[in-house]
Amino acid sequence: MAGGRSSVGAPKGQRRIVFLGPPNSGKGTQATLLAQSVGIPAISTGEMLRAAVTAGSELGRRVQGVMARGELVQDELMAEVVRDRLSQTDAAEGFLLDGYPRTAAQAATLEEIVGERYTELDDVVLIDAPEDVLVARALGRGREDDREEVVRERLRVYRQKTAPLVDFYDVKGLLRRIDGDQPIEQVAQQVRASLGVRAV
Ligand code: AMP
């Protein structure tokens, strides 16, 4: 296969997938559903960080304020978190990343980490929805970083720092665009279809 994209020496079915999209696009839900279908771990950096905050670990103490304001945790710290998580054995069979990368620097770090195993990302799934839908969903959810001003800040940060990754992955031919403003099962079915994955 041209460029050896189909992962040298990888077990059949192994896949490295990134989920991209604004806060409240439903990508977390979809990432979990898809991971079950493919049999790979869904790795949510947001959930890892929230768990660290709840546990009161050193990482949690470092990221708490930044998260509460809807800003991004610094790239260097995220690189450590993700490198460590992807080196665990369950991720050797492929992984689905939800919430990483979120900046151009993070995308470069991910290429580096994946490249160290002589492999590349296989697919990037973008789940998007109109801004009024995203805000309405966030305000109906009641998480601590869901106050309206924080919701708006998270969206602003997404548009400014993360949205440029859409073109970055599109140019590489990896991007699959899915309309997130539909019922969960319909989105899930379109995600699977875009990746050629069967429902389980
Ligand atoms: P999420 O659940 O993915 O929306 O993440 C919740 C919060 O965790 C974000 O608003 C950020 O403060 C932080 N966070 C999660 N992933 C990242 C990342 N890749 N880079 C920087 N900050 C992150």
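**Close-up views of the ligand site and nearby loops**

**View 1. Residues that surround the ligand in the predicted model.** In this predicted model, the ligand is surrounded by 15 residues, and the closest of them are Thr45, Glu71, Gly99, Gln106 and Arg154. Sorted by class, this shell holds six nonpolar, four polar and five charged residues. Helix H2, which spans residues 45-55, supplies four residues, the largest share of the shell.

**View 2. Polar atoms of the protein beside the ligand.** Three pairs of atoms are shown in this view, one each for Gln106, Val73 and Arg50. In the side chain of Gln106, an N or O atom is 2.9 Å from a nitrogen atom of the ligand. For Val73 the partner is a polar backbone atom, which is 3.1 Å from a nitrogen atom of the ligand. Arg50 places a polar side-chain atom 3.0 Å from an oxygen atom of the ligand. On its own the ligand has 480 Å² of accessible area, and the protein covers 96% of this area.

**View 3. The largest pocket.** The ligand takes up space that is the largest pocket of the model. This pocket contains about 910 Å³ of space. Its lining is made up of 45 residues, among which Pro23, Lys27, Arg102, Arg143 and Arg154 are the closest to the pocket centre. Two or more lining residues come from each of the following elements: strand E1 (15-20), helix H1 (27-38), H2, helix H7 (148-162) and helix H9 (184-195). By class, the lining of the largest pocket comprises 17 nonpolar, 17 polar and eleven charged residues. Arg154 is named both among the residues closest to the ligand and among those closest to the centre of the pocket.

**View 4. The cis peptide bond between Tyr100 and Pro101.** Tyr100 and Pro101 are joined by a peptide bond in the cis form, with omega at about 5°. Pro101 belongs to the loop that runs between strand E3 (94-98) and helix H5 (104-115).

**View 5. The backbone at Asn24.** Asn24 is a residue other than glycine with a positive phi, near 75°. The loop between E1 and H1 contains Asn24. Both E1 and H1 give two or more residues to the lining of the largest pocket.

Key. Residues are numbered from 1 along each chain as its sequence is written. This is a predicted model: local features need pLDDT of at least 70, side-chain atom pairs count only at pLDDT 80 or more; totals for chains, interfaces and linings use all residues. Side-chain values use heavy atoms; hydrogens and water are left out. A residue is near a molecule or strand if one of its heavy atoms lies within 4 Å of it. A polar contact is a pair of N or O atoms within 3.5 Å; within protein, one must be able to donate a hydrogen and the other to accept it, and residues adjacent in sequence count only if both atoms are side-chain atoms. Accessible areas come from the Shrake-Rupley method with a 1.4 Å probe; for residues, only the protein chains shown count as cover. On a 1 Å grid over the protein atoms alone, a cavity is a set of points where a 1.4 Å probe fits but cannot get out, and a pocket is an open set with protein on both sides within 12 Å along at least five of seven lines; lining residues have an atom within 4 Å of a point. A molecule sits in a cavity or pocket if more than half of its atoms lie within 2 Å of its grid points. Ala, Val, Leu, Ile, Met, Phe, Trp, Tyr, Cys and Pro count as nonpolar, Asp, Glu, Lys and Arg as charged, and the others, Gly among them, as polar. Grid points are joined across faces, edges and corners, and a volume is the space filled by probe spheres set on the points.
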